[in-house]
Amino acid sequence: MKNKVLPVPDINTPNRPNVLPIRAIFGLKEKSGEDWSEIRAIQLAAISVNPMTRTGVILGIGALTALALMNLVAVPVLVGWVLLNTAFALWMHQGTKPSQSPVRKSITSAEFGKIHAYALMGGIVWVSAFAAILASGQPADKVLLGLLSLQSATMVLMVALVISLSTLPSVAILFVSMVSLASSVSFLMVGQPLLALGAIGIAAPLCLGVMRHCRAQLGSQLSEGRLRDKTETVSLLLREFEDSGADWLWQTDTARCAIHVSPRFAYALGKDAREVEGEPILKLIAGEAWETGNYPNELHEFAERLKRREAFSNLTIPVKMNGQQRWWELSASPRINETGAFLGFRGVGSDVTEQCQSQEKISHLARFDTLTGLPNRLQVNESLSAALAYAEQWGSRCAFMMIDLDRFKQVNDTLGHPVGDRLLAQVSKRLQALMSANELCGRLGGDEFAVVLRDANDSTHINNLARSIITSLSRAYEVDQHTIYIGASVGSAVGPRDGRSVEMLMRSADLALYRSKEDGRGVHNSYQPQLHAIAEERRLMEIELRHALDKDEFHLVYQPVVDAMDGTLTGFEALMRWTNEKYGNVSPVKFIPLAEEARLIVAMGEWALRRACFDAVQWPSQVKVAVNVSADQLMSANFITSVVSALRDSGLPAQRLELEVTESLFLRDGGMAVQVLDQVLALGIKLSLDDFGTGYSSLGYLRKTRFNTIKVDRSFVTGAAKGVDECLAIIRAVVAMADSLKMSTTAEGVETEEELALIRELGCKKIQGYLFGRPMTFADTLPMFEPNLSHDRRDLYRKVELGA
Ligand code: C2E
Ligand code: CA
Ligand code: CA
């Protein structure tokens, strides 16, 4: 843009001649195509220069003349003439002193004509002096003397006039010729033809001189003016052209009406230059809005600037042109003359519709998610930032909600990304439908959505909205003939209480969301301060956990599983322990979910599996070992290979190994899980379903996989012992179902004799619990198999209280 050749600013320059014709300097009417209004303005400006001096000169010469004629003309006549001259001088003074109104740039020929009245009046005053001398009735020599003195006085006056009104030759010539003619006629009347000729002879060069001088001076003043105009124009153009590629110049007068309308400006307006000239600029730009006064914001600003006579640059304003929306960029500054008076505005403009449209598109792209059309992360951020600022300022509250879709990954993996995308679009529609004017929902990415609540002073509203979101998003979806069920977890945080910055508030909501996912999904949690501490601890612990395998910080403990009827040991469940120098003994309830999240569980699980096989092979052949397997581990690519190699390397027969899995496995990818479990069963390995009844309780998968054992969670055992009917009913139902499917049942967490009695009565086949033994080290399991101790196993089991 900078190197572009500047277009010649031929715009807005009125038609003006280079050599001024006589007609122009006499202020006569111009021919068509000529414009001398500006010339007339320059000419007329001269009359307002030093009116005081001029008036003084007229009065002074008048007084001197009266003195010279004292003993020639009768005193009353003389006094009358002096009064006449004074009246004339004052009248002219009044009419020509510089006015308060701004200096005019153009003057019509009619206005110009008016100033000749001064010359005419002045001429009459001084001609009357000649008449008074002639009519005095004095002797001829006295009259001649009087005429000569008057001639000298008028000469001084004429020279002074010619000098001061050199730009107004017509005025000067009118006065000079009237006075010279009067003087010449007077000399003839007193029989002095030579003096009469002399009077004319002096007038002629005066008139010619004033004309020539006028032409030269006007010419130079004009070109000076033009040069000033041009420099102004060029510098304006240069500046604007470099900045914005200006397309046209525009000008207004003091009344904010367009003047000197260039064809390019008119073209931009879709009009003819003549239609535009003299029209209010705001009317031209605002179009229909001019009548209603209903301007867009940008136009208000434009109007304000014009009103306040302030410069502005690169103001982008919408312009409606023939029903089409265009965008203009306008810059302008007020024009001020030498005396500081405001003349109007002069500026540049360009059509920036294309840039604006692409900018709009870009900014739309930058602020909206293309897949769902919802506001994207950037806009959510902005909106949250604004809501926070508002809440800070007014001491109110805003809220931020994070929504994560449950089981979305499964849909993507099994039905493919196109289906996943369409599902996300439907999710967005449902979300959007729940939003009020107070809320904005957006997509943060993936299957993560967010809601900004501008006003969250009512905490029940947050809960209600979260609940409606979960309910709405959990309804079935129809996508490409698939009926899909997913759920949603929600976490919310209230600003500024739970976070003073966007980042803090988002993190708080994220922690609450994390909590919801941990709580089993499909729930809403609001942020609690301890979540932060928990998260931080989790982060630090994760760092330690990463090195735990290498540093050999894990070991296994074994908890006996016994026959419910006779208490004989059937096997052990292997339970992992982590001993860290910083955290000491960490519970698996803590570190297993952490390992799952940090994707460390696969390696850890493999280690546990191998360790358990190598230990178990040293027990008597009827004793089994149960190993817990996380869903991630089971679904990992070489799970089967690692199981096979653990069995082979340890020499443990497959039927002595039992793998414990939980229902959550089927939530991820039911089909794939069933396949892997089939392979496990095909190897002769036993399977048990752990923590039954705590998960999702959809029993469909129980028909697909032949579990050997169902483990009844401890909560039902304690519940049943306390007489909770539901727990009793569940255990009964599980036992009945397991029997019918030829599965075994294990009751977990039996701690008391009462519980034991109840479990036996309910028909559970096996028992695991502190009553029979706590988890113990491998070394502590070995004495149990010594023949002489085998008669009192229960006492032995109880003595060993290690581990958990
Ligand atoms: P789980 O598989 O349900 O294991 C049984 C848990 O109940 C063990 O807790 C055990 O110590 C505890 N328990 C057994 N009898 C009683 C009782 O009478 N009263 C009470 N109050 N508790 C009893 P632990 O060892 O803390 O393990 C917790 C969970 O950690 C396990 O639950 C299992 O889900 C997981 N876990 C432990 N080791 C491993 C592992 O090697 N791999 C995987 N993936 N998960 C493991
Ligand atoms: Ca288990
Ligand atoms: Ca369990």
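This dialogue reads a ligand site, a metal site and one helix residue in a predicted model.

Me: Where should one begin with ligand 1, and which residues are the closest to it?

Reply: One begins with the shell of surrounding residues. Here, 23 residues surround ligand 1, and the closest are Gln 559, Arg 577, Asp 690, Glu 751 and Tyr 770.

Me: How many residues of the shell around ligand 1 are nonpolar, polar and charged?

Reply: The composition is read by sorting the shell into classes. For ligand 1, the shell holds 10 nonpolar, 5 polar and 8 charged residues.

Me: Which polar atoms of the protein lie at short range from an oxygen or nitrogen atom of ligand 1?

Reply: A polar contact is a pair of N or O atoms within 3.5 Å. On the backbone side, a polar atom of Met 576 is 3.0 Å from a nitrogen atom of ligand 1, and a backbone N or O atom of Tyr 770 is 2.8 Å from an oxygen atom of the ligand. From a side chain, Glu 748 places a polar atom 3.3 Å from an oxygen atom of ligand 1.

Me: How much of the accessible area of ligand 1 does the protein cover?

Reply: Coverage is read against the area of the ligand on its own. Ligand 1 has 800 Å² of accessible area by itself, of which the protein covers 83%.

Me: Which elements give two or more residues to the shell around ligand 1?

Reply: These are β14 (569-580), α22 (588-597) and β18 (686-692). The largest share, 4 residues, comes from β14.

Me: What are the protein donors of the calcium ion (ligand 3)?

Reply: A metal site is read from its donor atoms and their distances. Asp 690 (OD), Asp 691 (OD) and Glu 748, the latter listed twice through OE, lie 2.1 to 2.7 Å from the calcium ion (ligand 3). Along the chain, the donors follow the spacing D-D-x56-E.

Me: Which residue bridges the two calcium ions, ligand 3 and ligand 2?

Reply: Asp 690 does so, and the ions lie 4.0 Å apart.

Me: Are Asp 690 and Asp 691 buried or partly exposed?

Reply: Buried means under 20% relative accessible area. Asp 690 is therefore buried, at 7%, whereas Asp 691 is partly exposed, at 25%.

Me: Where does Leu 181 lie, and why does it count as exposed?

Reply: Leu 181 belongs to helix α8 (residues 169-189). Leu 181 counts as exposed because its relative accessibility is 52%, and exposed means over 50%. Leu 181 is 18 residues from Ala 199 in sequence, with a C-alpha to C-alpha distance of 7.8 Å.

Conventions:
Residues are numbered from 1 along each chain as its sequence is written. Chains are lettered from A and ligands numbered from 1 in the order in which they are written. This is a predicted model: local features need pLDDT of at least 70, side-chain atom pairs count only at pLDDT 80 or more; totals for chains, interfaces and linings use all residues. Side-chain values use heavy atoms; hydrogens and water are left out. A residue is near a molecule or strand if one of its heavy atoms lies within 4 Å of it. A polar contact is a pair of N or O atoms within 3.5 Å; within protein, one must be able to donate a hydrogen and the other to accept it, and residues adjacent in sequence count only if both atoms are side-chain atoms. Accessible areas come from the Shrake-Rupley method with a 1.4 Å probe; for residues, only the protein chains shown count as cover. Ala, Val, Leu, Ile, Met, Phe, Trp, Tyr, Cys and Pro count as nonpolar, Asp, Glu, Lys and Arg as charged, and the others, Gly among them, as polar. Donors are N, O and S atoms within 2.8 Å of the metal (3.2 Å for Na, K and Ca); water is not among the atoms, so sites may look incomplete. Buried means under 20% relative accessible area, exposed over 50%, partly exposed in between (1.4 Å probe, protein chains only).
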